[in-house]
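I opened my notebook on this one to look up its empty spaces and the contact between its chains. Here are my entries, in the order I made them.

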Amino acid sequence: MVPGMVALAAGLVLGLQLAWPWLRLAGAALGLAGLVWLVSQGAPALLVGAGDYARVSPGAGFWCLLVVLALLMADALSNLSPGPFTRAGLLAVVLALLALLLQSGVLSDLSIMQEYASRQDAFRDATLRHLGLAFGSLATAAAIGLPLGIVCHRRAGLRRALLPILSFMQTIPSLAMFGIMIPLLGWVGDAVPGAKAIGIAGIGFAPAFLALVLYSLLPVVANMIAGLQSTPPAAREAARGMGMTEWQRLIRVELPLGLPVILAGLRIVLVQNIGLAVIAGLIGGGGFGTFVFQGLNQTATDLILLGALPTVALALVSAIVMDILVELTRPIPEHTP
Amino acid sequence: MIEIEQITKLYDGLPAVDSVSMTVDTATITVIVGTSGSGKTTLLRMINRLVEPSSGEVRINGTPTGTLAKHVLRRRIGYAIQGHGLFPHYTVARNIAAVPELLGWPKEKINARVDELLDLFSMEPEQFRDRYPAELSGGQQQRVGVARALASRPDLLLMDEPFGALDPIIRARAQEDLRRIQQALGSTIMLVTHDMEEAMHLGDRVAVMDEGRLVQHGTPAEIVLRPATDFVAEMVGGVERPLRLLSLIPVSEIVEEGSAEGDALAADTSLRDALSTCLWSGRDAVPVVQDGVPMGRVTLDAIRAQAKGQR
Ligand SMILES: Nc1ncnc2c1ncn2[C@@H]1O[C@H](COP(=O)(O)OP(=O)(O)OP(=O)(O)O)[C@@H](O)[C@H]1O
Ligand SMILES: [Mg+2]
């Protein structure tokens, strides 16, 4: 008990001082290590002689401390504002440590890990399905939305007609959207010959996927347009004046200058879809949502967490990776004198 | 030769350029002056068809511009946009290289040309080549903008207030540079400004615009001596007209036999500067030399006679 408490206390003290962000980062890391150590020591100790069906899960105090330490770490990092490569390195280290921790079995006495152990195959399927839903819908939305954005950028009339429709789609509550998909795709599956054979039906993967794509179109198209229009008017005029064709202007000037905004749109969509894909569990779309809704039905908190925690982690990692990408594609270096 | 014929641009039924006709000779500089909003930029942009004329025609060496694809036409015409319009994500070198790249020049030729142009505009290539536009002063940005327009050695150059952001010293130097480049290459230049001084100094011909109309088109001396309208007279600057006139004439034109005391002036000094020298040093006559060889002298009386203008 004692070393963990000491580490936690020292971590909090170091983490709460304001002067040195590096020290704050180290403090937060130390605190987290202490916390994990306490949990890993506490669980088996509590289980001694408690019988086969006993479960241990961390209480509110653990989660509070976890949030506090994570916030400290995030704050220290934003103060340090590390470059994109440093951030990528830090992310890799954190992920490696997390993987090591989960592999090592020190946490295997926790109930959430036991839920995992009894559902390994289902968990793997859910992970693949979740990734498929989030990334697949992103790719599809990008394949439709990016060219659509280019056309809208050139044709003001189309832009004025299309954007309100996409905005409207965005305002449909997610449950309602998934609800609409059921009769709609159900009808398509029944009416169109062959549709059922390729998996189009009222429930399952197809309606969930379609709903996510529809949600994604607005951010993708809107950011594509905003990115392309962020070119300074004088630069666009100069490009026209020197005899660039429309394509050359797009490839050489408008796209590179708009890339950070365009990627920011994809980032929004990716993070949004990782979260929304949970709802897909409701209509049999699979993914981590399956565990969440099973857990809700059985009021099994650990099962809910088994679905929720990976979703949060996935969203966080995607956000960080996309931020790094956005920064790397910034067309003008930051260091202006 | 550029022939502009009855060219008009209407915006919402109102003319921004109102049936302008003029002819620009090859290898000359024509300066378009006028107040803000008089249609100078619009006129210039109708030549490379960034603005489509509502009516009228432009011919370059006899070919109507309407018969060429726009991008082909524009690649032949250098265009320095009002307010530089550099690409923020390109370095100085890539900005200058933009048109040669479009034309598919080989890499070595482009690099050599970039350095040559940077040198020409007094910007050390080593120091400036790899900077981004945001890392330049306003005047440097403008010079890069002009260098970019010159890069492919176009026969025709359109420049919209290219020296607007330069301080008087750099501006004078840039004007000299432009003159020199133009004479060396024999390019045809149409340049927009609202600075009459610059127009007088640079222009072989000056075109004065007022509310979309071309009110006078002639040599600087004609504009000063016989302004076609009150507006032109005002542009030339009422009380300054004699001085403007003197600034157009070199001392070599009125040099006479005889000698004078004090420091000598070069033969290509303007009468305005000669007058200034006389007044400042309290002399009635100043010696004139050409390439170090005495030519004679110029007297205050002779200068005064030149300044009289219309009798
Ligand atoms: N795209 C446009 N739509 C409507 N009106 C325009 C447009 N472009 C120019 N105008 C109008 O045409 C007139 C001439 O504009 P222009 O830009 O040619 O003036 P300018 O002489 O270049 O002025 P400045 O010295 O301020 O640059 C102005 O009254 C302007 O408001
Ligand atoms: Mg203008």
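**Entry 1: the second largest cavity**

I sorted the lining of the second largest cavity by class and got four nonpolar residues, four polar and one charged. Keep in mind that I am working from a predicted model throughout. The volume of this second largest cavity came out at about 50 Å³. I then listed its lining: Ala80(B), Ile81(B), Gly83(B) and His84(B), then Gln142(B), Gly145(B) and Val146(B), and finally Glu161(B) and Pro162(B). Which element gives the largest share of this lining? I found that H7(B) does, with three residues.

**Entry 2: the largest cavity**

Next I counted cavities of 30 Å³ or more, and the structure holds three. For the largest cavity I noted a volume of about 100 Å³. I looked up which of its 13 lining residues are the closest to the centre, and they are Met242(A), Gly78(B), Tyr79(B), Val99(B) and Ala149(B). Both chains appear in my list of elements that give two or more residues to this lining: helix H10 (233-241) from chain A, and H2, S6 and helix H7 (138-150) from chain B. S6(B) supplies the largest share of the lining of the largest cavity, three residues. By class, I wrote down seven nonpolar, three polar and three charged residues for the largest cavity.

**Entry 3: the second largest pocket**

I moved on to pockets and took the second largest, which holds about 730 Å³ of space. Its lining has 26 residues, and I marked Met200(B), His201(B), Ser247(B), Leu248(B) and Ser270(B) as the closest to its centre. The elements of chain B that give two or more residues to this lining are helix H8 (168-185), helix H9 (196-202), helix H10 (220-225), helix H12 (241-248) and helix H13 (271-281). How many residues come from H8(B), the element with the largest share of this lining? I have six in my notes. I also split the pocket lining by class: nine nonpolar, six polar and eleven charged.

**Entry 4: where the chains meet**

I then turned to the contact between the chains, which takes 23 residues from chain A and 24 residues from chain B. Between them, chain A and chain B bury about 2,000 Å², with 66% of that on carbon and sulfur atoms. I asked which three residues supply more of chain B's buried area than any other three, and I got Phe87(B), His89(B) and Leu102(B), at 28%.

For polar contacts across the interface of chain B and chain A, I noted six residue pairs, both partners at pLDDT 80 or more. On the side of chain B that touches chain A, helix H2 (70-76), strand S6 (77-80) and helix H4 (98-102) each give two or more residues. H4(B) gives the most to that side, four residues. My class tally for the side of chain B that touches chain A reads 13 nonpolar, five polar and six charged residues.

**Entry 5: salt bridges**

A reminder to myself: side chains of opposite charge can pair when their charged atoms come close. Searching the whole structure, I found 30 salt bridges over all chains. Between chain B and chain A I counted two. In one, the side chain of Glu237(A) meets that of Arg45(B), at 2.3 Å from N to O. I also looked up Arg252(A) and Glu101(B), which form a salt bridge with their closest N and O atoms 3.9 Å apart. That pair crosses between chains, running from helix H11 (residues 246-276) of chain A to helix H4 of chain B.

**Entry 6: chain A as a whole**

I closed with chain A. How many helices and how many strands does its secondary structure come to? I got 13 helices and zero strands, so the definition used for runs of structure leaves chain A with helices but no strands. For its extent, I noted that the C-alpha atoms of chain A fill a box of roughly 80 × 65 × 25 Å, taken along the principal axes.

Definitions and conventions: Residues are numbered from 1 along each chain as its sequence is written. Chains are lettered from A and ligands numbered from 1 in the order in which they are written. This is a predicted model: local features need pLDDT of at least 70, side-chain atom pairs count only at pLDDT 80 or more; totals for chains, interfaces and linings use all residues. Side-chain values use heavy atoms; hydrogens and water are left out. Contact means heavy atoms within 4.5 Å. Buried area is the accessible area (1.4 Å probe) that two parts lose on being put together, summed over both. A salt bridge is a side-chain nitrogen of Lys or Arg within 4 Å of a carboxyl oxygen of Asp or Glu. A polar contact is a pair of N or O atoms within 3.5 Å; within protein, one must be able to donate a hydrogen and the other to accept it, and residues adjacent in sequence count only if both atoms are side-chain atoms. Ala, Val, Leu, Ile, Met, Phe, Trp, Tyr, Cys and Pro count as nonpolar, Asp, Glu, Lys and Arg as charged, and the others, Gly among them, as polar. On a 1 Å grid over the protein atoms alone, a cavity is a set of points where a 1.4 Å probe fits but cannot get out, and a pocket is an open set with protein on both sides within 12 Å along at least five of seven lines; lining residues have an atom within 4 Å of a point. Grid points are joined across faces, edges and corners, and a volume is the space filled by probe spheres set on the points.
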